[in-house]
Amino acid sequence: MDVLTLSRIQFGATIAFHYIYPPLSIGLGVMLVIMEAAWLKTKNPVYHQMARYWTKVFALTFAIGVATGIVMEFEFGTNWATYSKFVGDVFGSALAAEGIFAFFLESGFLAVLLFGWDKVGRKMHFFSTCMVCLGAHFSAVWIVVANSWMQTPAGYHIVGEGMHARAEVTDFWQVVFNPSMLDRLFHTICGAWQAGAFLVISVSAWYVLKNKFTDFARASLRISLTVALIASLLQLVSGHHSAQGVGKNQPAKLAAFEGLYDTSSNAPLTAIGYVDEKNERVVGIQIPWMLSFLAHNDFHASVTGLHDFPPQDRPPVAASFFFFHGMVMAGMATILISALACFFAWRKTLFQKRWLLWVLVFSVLGPQIANQFGWFAAEVGRQPWIVYGLMRTPEGLSKVVQANIVLTSLILFTFIYFLLFAVFIYLLNDKIQHGPHDDDLIPSGKLALPDELTEHKKP
Amino acid sequence: MTFDLNTIWFILVGVLFTGYAMLDGFDLGIGALHLFTKKDEERRVLLNSIGPVWDGNEVWLVTGGGALFAAFPNVYATVFSGFYLAFYLLLAALIFRAVAIEFRSKQPMKWWRQMWDISFSVGSILSALLIGIALGNLAWGIPIDANGEFAGTFLGLLRPYPLLVGVTTVALFMMHGAIYGVMKTEGALHDKLRGWAMNSIIFFVICAATTTMATLLYVPHITARVHDNPWLFSLVLANMLSIANIPREFHRGKDWLAFLSSCAAMISLMALFAIDQYPNMVFSWPHPEDSLTIYNSASSPKTLGIMLIIAGIGVPIVIAYTVCIYWIFRGKVKIDRMSY
C-alpha cells in the first residue's frame with residue numbers, strides 16, 4: 001500500500017479509537033455533576049455512593065482518552081506535515097487554545113475529583129467536578145472549531161504561492177464561529193451526553209436484571225434515563241440542523257449522504273438501502289419528497305445532485321451513504337429506546353419489563369455506533385478535500401515520510417490499541433461485577449457532615 | 001535580539017517545555033526509580049506521590065506542542081515528520097507510562113502488578129531518553145534541505161552526542177524525581193530515596209560534565225555563541241550552584257527547597273539551550289543557511305498577537321489553580337481507598 005492509504009488508515013484508526021473515550025468523559029462528567037448535586041441537595045447517601053462509583057469509571061476512560069489524545073496532536077505533524085504548514089496559522093491556534101483552556105482545567109481539577117474526597121469540603125469537591133465537566137466541554141469546543149474550519153473554512157486568506165502558500169487568519173471570530181461550527185458542536189456534545197448516559201443506563205439495567213445493588217441501580221436509572229431522553233431529543237433537533245447546514249455549506253457531501261446523483265426538486269429520502277455506485281442509483285425504501293423537505297423545509301425545493309460536481313470533487317458515495325445512514329439509524333434507536341424506557345418508568349412498570357431491561361443493557365452500543373459513524377460520515381463526506389475546497393487530502397501528506405515507516409507505526413499502534421482496549425474492557429467488566437462499594441454510603445473526611453460523623457461512630 | 005512577537009513566542013514555547021520538564025520531569029524520574037523499590041507498599045506510595053498530578057503535568061507537553069504548531073507551524077511540521085519513528089516510540093512510551101499508573105492497582109495479582117510496574121518504569125525511562133535525544137539533535141543540528149524538510153534518517157538521529165544528551169536527561173529526571181520523592185515520603189522509603197537522590201546527583205553531574213565537554217569540543221556553533229557571549233557562563237554557574245545547593249538543603253531538612261533548587265537547575269539548563277539556539281528553532285547542519293528560524297517558520301504577526309492574548313488570559317489562570325491543587329495535595333503521601 002502507498003503512503004497515502006497507510007496514513008489515512010492510521011489517522012482514521014487512531015482517531016476512531018480515541019473517540020471512544022472523550023465522549024464518555026464528557027457524558028460521564030455531566031452525570032457526575034448531576035449525581036453530586038443530587039447528593040448535596042438531598043443528602044441521600046446513595047447519590048454519594050453513585051458519584052464515587054462512576055468517578056472510578058470516569059478515571060479509567062479519562063486516562064485512556066489522554067493517552068490516545070496526545071497521539072492525535074503529534075499525528076498532524078508526523079503524517080500530515082504539508083497540511084500542518086498550510087493550516088498552522090489557523091488550525092494550530094485552536095489546538096493551543098484547547099490545551100490552555102480545556103486540558104489544564106480538566107486534568108488539574110481531576111486530581112481533586114479523584115483523590116480529594118477526603119481532603120476538601122463538599123462544596124470544593126462539587127466545584128472541582130463541575131470544572132472537570134466544563135473542561136471536557138471546552139475541549140470539545142476547540143476541537144470542533146478546528147475540525148469545522150476544515151469543513152467550512154472562514155476568516156482566512158491565502159498568502160504566498162505554490163509550495164509556500166498557506167492560510168492565514170484575517171478574523172479570529174470568523175474562524176471560531178465558522179459556518180458549520182455551532183451545529184457540529186451541539187451535535188457532538190449531545191452525542192457525548194448520550195454516550196455517558198447510556199453507559200450508566202446499561203450498567204444499572206444489568207444490576208436490576210441480576211437483582212444486585214437494586215437501590216443504587218434504580219436511582220442511577222432514574223437520572224441516566226432522564227439525561228438520555230433529553231440528549232436524544234436534542235440530538236434529533238441538532239441532527240436536522242446539521243444536515244441542513246451540510247446542504248448549504250457542503251452540497252456535495254449531502255448528495256453523497258443520500259446517494260443523490262441527479263439534481264432534483266421533490267428529492268426522496270432513503271429510509272434504508274445502499275448505493276449502487278456503478279449504476280449510480282440507490283437501492284432501498286425511499287420516502288418521496290422528504291429530502292427536499294428536510295433540507296430546505298419545502299417539498300418542492302431543488303437539492304443539488306452529485307452530477308453537478310466534477311468527478312474529481314465528489315466524495316466516496318457508497319461509504320458516505322453507509323456511515324450517514326448507520327448513524328441516523330443508531331441515533332433513532334437511542335431515541336426510541338430512551339422514550340420507551342422513560343414511558344414505562346413513568347408508568348412504574350419498567351422494572352417488570354425484563355425484555356426492555358435487556359435492550360437497555362445493550363443500548364450502550366447505540367451512541368457509540370452513532371458517534372463513530374457520524375465522524376466517519378463527516379470526514380469521508382469531506383473528501384477528496386482535507387480542507388474543504390482549499391487543499392486535497394493527498395497534498396497534505398508529509399513529504400519525507402515513507403510507506404514502510406508508516407506501516408511500522410501503524411502495526412505498533414494497532415497492537416497497542418488492541419491491548420489497551422482489551423485491558424479497558426477487562427477492568428470495566430471487573431468494576432461492574434464488583435459493583436458499588438458499601439463504604440461509599442458513608443462520606444468520610446471533610447466531606448462528612450457533623451451529624452453523619454456522630455452517626456458513623458455509633459455502634 | 002529584539003522583543004518582537006516572534007521572540008516572545010520563542011520564549012513562551014520555551015517556558016511551556018521548561019514547565020513540562022520541571023513538572024512531568026519528576027513523574028518520569030519517579031518512574032525511572034520505580035523498579036528499584038521492591039515492596040508493593042513502597043511502589044504504591046511512589047505511584048500515589050505523582051497520582052493526582054501526573055496527567056496535569058503531561059498537559060504541559062500537549063500545550064507546548066499545540067503552541068509550537070500555532071506559533072511556528074513549519075518547525076512543528078518539519079521536526080514531527082522528520083523525527084517520525086522517534087516520536088511514535090515516545091508516544092508509545094508515554095501511553096504505557098500513563099495507563100500503567102491507572103491500571104496497576106486495579107487488580108491484586110502479582111503478575112498483573114509486575115507487568116504494569118515494568119511498563120511504568122520502562123515507559124518513563126524511554127520517554128526521558130527520547131526527549132533528550134530529540135533535544136540533543138536540535139542542539140547538534142539536523143540535516144534540513146532548502147525546502148525546509150528533514151533530509152536525514154531515523155538511525156541518523158541516534159548519534160553519540162544526542163544519545164549522550166538523552167542519558168543526561170534521564171539522569172536529570174531521576175535526580176529531580178528522587179528529590180520529589182524525598183519530599184513526599186516518610187520513614188524507610190524516605191531515607192532510601194534520599195540515598196538515591198545523592199547517587200543520582202552524582203550520576204547527573206558526571207553526565208552533565210561529559211555533555212558540556214562534548215559540546216565545547218564538537219558543537220562549534222554553540223561554542224562560538226558562548227565565546228561571543230561570555231556572560232552565558234553565569235548560567236552554567238547558576239546551574240552548578242543550584243545542584244550544589246541540593247545536598248545542603250537536605251542537610252538542613254528543607255526538602256522542598258532542594259526540590260526548588262533542582263527546578264532552578266533545569267531552568268538554567270533550558271535557558272542556556274534556548275539562548276544558544278536563538279534565533280534558530282532548528283539548526284540545519286551541514287547547511288546552516290537552511291535553518292528554521294523564529295522568523296522564517298513563524299505564523300503571521302496577527303496570529304501571534306491573537307495567541308498572545310489567549311496565553312495572557314489562559315496561563316495566569318492555569319498557574320493559579322495549578323498552585324491551588326498542589327497546595328491541596330501538599331505533604332506526605334497517605335494511602336487510602338481512593339489511591340492507586
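Visitor: Let me get the classes straight: Ala, Val, Leu, Ile, Met, Phe, Trp, Tyr, Cys and Pro count as nonpolar, Asp, Glu, Lys and Arg as charged, and the others, Gly among them, as polar. How do the residues lining the second largest cavity divide?

Guide: Bear in mind that this is a predicted model. That lining has eleven nonpolar residues, one polar and no charged.

Visitor: What volume does that second largest cavity have?

Guide: About 80 Å³.

Visitor: And which residues line it?

Guide: The lining of the second largest cavity is made up of A:V90, A:F91, A:S93, A:A94, A:W142, A:V145, A:A146, A:W149, A:V169, A:F172, A:V175 and A:V176. In chain A, α4, α5 (122-151) and α6 (172-176) each contribute at least two of the lining residues.

Visitor: How many cavities of 30 Å³ or more are there?

Guide: Four. The largest cavity holds about 110 Å³ of space.

Visitor: What lines that one?

Guide: From chain A, the largest cavity is lined by A:F104, A:S107, A:G108 and A:A111. From chain B, the lining takes in B:P52, B:V53, B:G56, B:N57, B:W60, B:T322, B:I325 and B:Y326. The elements giving two or more residues are α4 (81-115) of chain A, and α3 (54-71) and α12 (301-328) of chain B.

Visitor: Which element gives the most?

Guide: α4(A), with four residues.

Visitor: How does the lining of the largest cavity divide by class?

Guide: Seven residues are nonpolar, five are polar and none is charged.

Visitor: Changing topic. How many disulfides over all chains?

Guide: Zero.

Visitor: Why is A:C133 not bonded to A:C130?

Guide: A:C130 has the closest cysteine sulfur to that of A:C133, but the two are 7.1 Å apart, too far for a bond. The cut-off for a disulfide is 2.5 Å between the sulfur atoms. A:C133 is also buried, at 10% relative accessibility.

Visitor: And where is the nearest cysteine sulfur to B:C324?

Guide: In A:C130, 17 Å away, and B:C324 is in no disulfide.

Visitor: What is the relative accessible area of B:C324?

Guide: 44%, so B:C324 counts as partly exposed.

Visitor: Last one, helix α1 of chain B. How many residues, and what span?

Guide: α1(B) covers residues 5-33, which is 29 residues. From first C-alpha to last it reaches 41 Å, close to the 42 Å expected at 1.5 Å a residue.

Visitor: Where does α1(B) bend?

Guide: At B:D24, by about 40°.

Visitor: Is α1(B) mostly covered or mostly uncovered?

Guide: Mostly covered, with 22 of its 29 residues buried.

Methods. Residues are numbered from 1 along each chain as its sequence is written. Chains are lettered from A and ligands numbered from 1 in the order in which they are written. This is a predicted model: local features need pLDDT of at least 70, side-chain atom pairs count only at pLDDT 80 or more; totals for chains, interfaces and linings use all residues. Side-chain values use heavy atoms; hydrogens and water are left out. On a 1 Å grid over the protein atoms alone, a cavity is a set of points where a 1.4 Å probe fits but cannot get out, and a pocket is an open set with protein on both sides within 12 Å along at least five of seven lines; lining residues have an atom within 4 Å of a point. Grid points are joined across faces, edges and corners, and a volume is the space filled by probe spheres set on the points. The expected span of a helix is 1.5 Å times one less than its number of residues. The bend at a residue is the angle between axes fitted to the seven residues ending there and the seven starting there. Buried means under 20% relative accessible area, exposed over 50%, partly exposed in between (1.4 Å probe, protein chains only).
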